[in-house]
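Reader: I'd like to go through the labels on this model one by one. Could you tell me what stands behind each of them?

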Amino acid sequence: MKGKEKFFLTAAYPYTNGPLHLGHARTYLIPDIVARYKRMRGINVLFPMGFHFTGTPILTATEALLTRDENLLREYRELYEVDEEDIERIKSPLDLAKYFKKRAENDMKNYLLSIDWRRQFTTVDEEYKSFIRWQFLKLKERNYIVRGTHPVGWCPVHQMPVGMHDTKGDVEPEIQELTLIYFLSDDGLIFPAATLRPETIFGAVNVWVNPKGKYTIARIEGKVMVLSKEAFFKITFQKKDIEILVQEINGKELIGRVVENPVTGKKIPVLPATFVDVSFGTGIVMSVPAHAPYDYVALIEIMESDESFRGLKISPVRVISLRGYEGNPAEIQVKLMGIKSTAQKELLDRATKELYLKEFNDGVMDSSIVELSGNDLVREFAQSIAGKTVKESRESVIDFLKRIGKADSFYEIANRPVYCRCGNEIVVKILENQWFIDYENEQWKSEVKRALNNTIEIIPSEYRSWFMNVVDWLKKRACARTRGMGTPLPWDERWVIESLSDSTIYMAFYTVIHKIKELNIPAGKLDESFWDYVFLGRGDSSELAGKLGVSAKKLEEMRDEFLYWYPLDNRHSAKDLVPNHLTFMVFNHVAIFPEQLWPRRIVVNGHIMVEGEKMSKSLGNFIPLFKAMREVGPNSLRLAIAYSAEIGNDANYSRDLVPVVHERLRKIAELIEQISQHVENDGSEGIEEKWIKSTFRRRVASITENMEKYQFRNAAIGIYFLMEQDLRRYISMKSEPNWKLLRNISEEWIKMMAPITPAFAEELWHEMGMKGSVTLENWPVAEQLEYYPQEEIAFILLEKIKEDIENVKGALKKEPKEIVIVTASRNKQEVSSKVFAMLEEGAQMKDLMKEIGKSNLGVKPQDATIYLYEFYQSLPEDLRKFVKENKFDEIVSLKGLVGILEKEVGCRVKILSEDDNEAVQFISRRKPIPFRPSINLII
């Protein structure tokens with residue numbers, strides 16, 4: 001291995017609670033294409049695979065099977081095609097995991113993934129557990145694991161923290177902090193309004209409750225509060241000392257009460273609003289009609305249309321100044337968008353989002369808040385934030401309200417509803433004495449940002465900002481739970497490390513697991529000193545060897561193998577792992593490994609849609625991988641997925657696409673068979689042969705560039721569509737094609753099919769009578785192929801002429817007896833070269849027109865300038881250089897193509913130069929200019 005260039009890439013290993021599906025097909029196809037391509041470039045590639053057994057998905061599925069859950073049994077029997085005997089044999093989570101591991105491995109092989117299976121493992125293998133214990137000891141040693149009290153996503157049934165892989169649909173619960181602001185009624189009842197905009201409290205002129213909602217009155221940590229029944233259930237997971245006083249009260253019974261705004265001291269009414277969502281926040285909403293479109297429209301409605309409140313007079317109070325909004329911003333926004341009613345939810349949601357964003361980014365706290373203040377303490381605070389931006393003021397307002405006892409925090413699942421795999425909705429719990437990975441450590445965040453900015457390439461590059469945003473908002477994350485398979489915390493074995501915390505640096509484990517197994521080292525001996533030596537180079541190999549009962553040389557070879565493969569070159573995963581696994585991977589590498597061993601690249605692919613919709617069991621469009629392969633075959637499936645979208649975009653798997661792919665492969669096979677059946681001949685070496693050679697060279701260069709840039713859709717178009725068209729175009733031009741040339745080109749062409757459709761390429765390779773495997777061949781190198789720019793440009797010009805002829809024929813609606821084509825004079829060609837040189841130097845259009853105006857091209861300078869500009873821009877860079885240097889001979893090239901042109905337009909064609917005496921009669925209406933000859937149809 002030493003001295004040979006290496007490339008190490010991995011993809012997220014699958015959970016084994018079910019079979020692989022089309023999402024896996026896309027995620028695993030991309031690294032496989034990369035791996036196969038890199039091998040053909042002579043690079044030593046490592047592409048291994050493991051299996052994820054830890055976490056709760058497998059446990060939940062097993063529990064449902066053992067309780068004979070009919071929905072799951074139907075899913076396993078009908079969708080997954082699990083035999084009844086196999087269902088009966090599953091008695092534990094490990095049984096289930098092993099069953100689907102075997103099926104996943106079989107599917108990967110049938111899908112033609114070129115995986116190094118010697119290095120496979122599962123996350124409950126004892127060797128892996130020892131590795132994870134080492135990882136967590138390193139994190140704790142660096143103070144990145146802490147014990148404390150923090151909000152977490154929580155399953156109220158299983159009584160444990162919940163992460164992405166514990167939820168239905170693999171949705172990461174996103175925790176959002178709201179501010180509870182206390183509005184006190186005269187009888188001592190607190191109306192706690194949950195808000196994301198506490199800075200607008202100075203402009204709160206009423207409170208909303210939902211008259212159709214059900215509310216609970218409870219004493220919560222000494223304060224008597226009213227809140228929706230749904231909110232009461234959630235707050236029991238966040239607060240202590242809770243006592244129910246009134247189990248249920250109708251929302252309409254709260255209407256008409258008066259409460260006090262805690263900063264202005266003004267008495268404001270409690271009013272009805274059906275738009276209040278009792279399942280979000282507390283079901284109590286403070287109304288700020290100057291800055292909230294919903295509040296403004298609802299207030300107008302109630303004052304104008306509700307008989308009960310017809311005499312009510314409430315005016316919006318502006319507390320944020322916003323440039324361009326001279327008045328109450330919400331009123332202006334509502335009128336601009338033509339909103340008349342609270343029933344216009346879609347428009348109101350958009351208005352709210354737009355206004356909130358503008359005020360947060362550009363708003364300034366208005367000086368009026370000082371006058372609105374209800375006492376000296378509030379006034380002093382208001383003076384400190386008046387004139388400051390909303391961004392600067394928000395946290396200050398929260399701190400102040402909490403300091404004076406008028407506010408608290410309340411947590412929600414921002415992307416609710418999120419459901420545990422057991423079916424219950426996730427809530428937020430304030431967890432005490434829980435172990436967390438401290439992803440909000442600012443020094444750690446800073447190092448991660450440096451890695452993302454300076455060390456790690458992100459593909460597609462536009463995802464980099466997403467990673468940076470994730471780093472900014474990441475908080476402490478619960479890293480252990482009380483149920484599920486996995487690795488116990490080394491210092492507190494009552495806890496099991498959760499599944500997104502034990503899968504962040506396992507790429508390193510791939511490099512040595514096969515060696516550990518070869519040496520039969522017992523897992524119990526793989527202690528901290530072993531992993532310190534292998535991964536960090538700490539300790540003495542001879543001393544460690546004696547303890548393990550192996551030779552020091554073998555240990556040193558293990559260390560060398562790790563250093564050979566590391567750092568990881570490519571990490572492949574779908575985009576749903578950006579907010580968690582992929583970012584966690586960077587954090588953990590930065591924490592544990594030296595900078596030179598940080599990952600080099602993260603490649604993120606979009607999701608896969610089925611018939612334009614997100615793949616989902618509930619929609620009935622969930623397709624297991626084995627069924628897709630059975631239906632269309634692995635080669636067609638791979639090509640369909642590669643062709644459907646570039647990696648950063650969501651791909652759409654459509655059954656309409658499958659026949660297109662099948663037909664494409666059939667046509668290619670048919671063409672290769674035709675070429676392989678002809679006896680090799682030297683054939684002619686005319687303009688057509690030079691064109692196909694040079695065109696093939698350009699295709700190889702373009703496809704290679706696509707492969708290097710991970711643009712696999714463009715590569716697939718080039719390989720499976722454009723190259724076949726090129727070869728058929730050549731064959732159609734020749735009465736006796738040069739079959740030897742076609743054979744040589746086809747051999748190189750088939751090699752380029754191998755990364756995407758390996759089995760198909762193998763069949764074609766042997767159809768051509770070749771020996772060995774095509775996957776072991778070298779990738780074609782464009783620079784080693786013949787290059788004929790003169791002939792390439794000639795054919796570009798030929799296509800433009802054919803297009804012009806068809807346009808003229810369409811206008812005349814007659815078929816010509818003869819076509820006379822007149823090319824520009826040699827002097828005009830020199831003018832075009834000068835214009836092209838000016839273009840290369842960045843000349844403006846006016847300068848080009850001025851130059852052309854001096855040259856007497858015989859056409860309007862503006863028309864000639866536009867045409868020459870567009871023609872030049874359409875050429876590849878190397879062909880631009882060729883025409884700029886005036887190396888293209890237009891008259892000679894077109895005369896060489898006259899036979900082809902006659903065959904394709906169906907009549908006699910004469911080529912003349914503008915310098916020929918005979919040409920005068922044909923250029924009276926349209927003068928030729930370089931690369932746009934005059935075309936004359938003789939009827």
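Reader: What makes β5 and β16 a pair, and in which sense do they run?

Author: Strands pair if DSSP finds at least two bridges between them, and strand β5 (residues 175-185) and β16 have seven bridges, so they count as paired, in the antiparallel sense. One spot to look at is Leu180, which stands opposite Asp408 in β16. A word on the source: this is a predicted model, where local features need pLDDT of at least 70, side-chain atom pairs count only at pLDDT 80 or more, and totals for chains, interfaces and linings use all residues. Residues are numbered from 1 along each chain as its sequence is written, and side-chain values use heavy atoms, with hydrogens and water left out.

Reader: How do you know what counts as a strand or a helix?

Author: Both are DSSP runs, numbered from the N terminus: helices are H or I with at least four residues, strands are E with at least two. On that basis the protein comes to 35 helices and 30 strands.

Reader: Why is β16 called mostly covered?

Author: Six of the seven residues in β16 (residues 407-413) are buried. Buried means under 20% relative accessible area, exposed over 50%, and partly exposed in between (1.4 Å probe, protein chains only). Across the 939 residues of the protein, 57% count as buried.

Reader: What makes Asp408 and Lys239 a salt bridge?

Author: The rule asks for a side-chain nitrogen of Lys or Arg within 4 Å of a carboxyl oxygen of Asp or Glu. Asp408 and Lys239 meet at 2.4 Å, N to O, so they qualify. The pair links distant parts of the chain, with Asp408 in strand β16 and Lys239 in the loop between α7 (229-235) and β10 (242-250), 169 residues apart. Lys239 has a relative accessible area of 15%, so it goes down as buried. The structure holds 85 salt bridges.

Reader: And why does Glu791 have no salt bridge?

Author: For Glu791, the nearest side chain of opposite charge, Lys690, is 4.3 Å away, so the pair misses the cut-off. Glu791 is buried all the same, and is found in helix α29 (residues 789-812). Contact means heavy atoms within 4.5 Å, and leaving aside neighbours within four places in sequence, Glu791 is in contact with Ile687, Lys690 and Trp691. So Lys690 is a contact of Glu791 without being a salt-bridge partner.

Reader: How do you know that Arg728 and Glu670 tie separate parts together?

Author: Arg728 forms a salt bridge with Glu670, the closest N and O atoms being 3.5 Å apart. Arg728 lies in helix α26 (residues 712-733) and Glu670 in helix α24 (residues 657-676), so the pair joins parts 58 residues apart in sequence. Arg728, at 28% relative accessibility, counts as partly exposed, and so does Glu670, with a relative accessible area of 38%.

Reader: Which side of the line do Glu904 and Arg729 fall on, buried or partly exposed?

Author: They split. Their side chains meet in a salt bridge (2.3 Å, N to O), with Glu904 in helix α35 (residues 898-905) and Arg729 in helix α26, so the pair ties together parts 175 residues apart in sequence. Glu904 is partly exposed at 29%, whereas Arg729 counts as buried at 17%. Elsewhere, salt bridges that share partners join Glu663, Arg664, Arg666, Glu670, Glu724 and Arg728 into one network.

Reader: Why is α2 called largely enclosed?

Author: Eight of the ten residues of helix α2 (residues 57-66) are buried, so the rest of the structure largely encloses it. Among the buried ones are Ile58, Leu59 and Leu65. The cover includes α3 (70-79) and α5 (93-110).

Reader: What makes Leu299 buried and Val317 partly exposed?

Author: Leu299, in helix α8 (residues 293-305), has 2% relative accessibility, so it counts as buried. Val317 sits in the loop between α8 and β14 (320-321) and has a relative accessible area of 23%, so it is partly exposed. Neighbours within four places in sequence aside, the contacts of Leu299 include Val205, Trp208 and Ile314, while those of Val317 include Phe202, Val205 and Leu372.

Conventions
Lys and Arg count as positive and Asp and Glu as negative; His and the chain ends are not counted.
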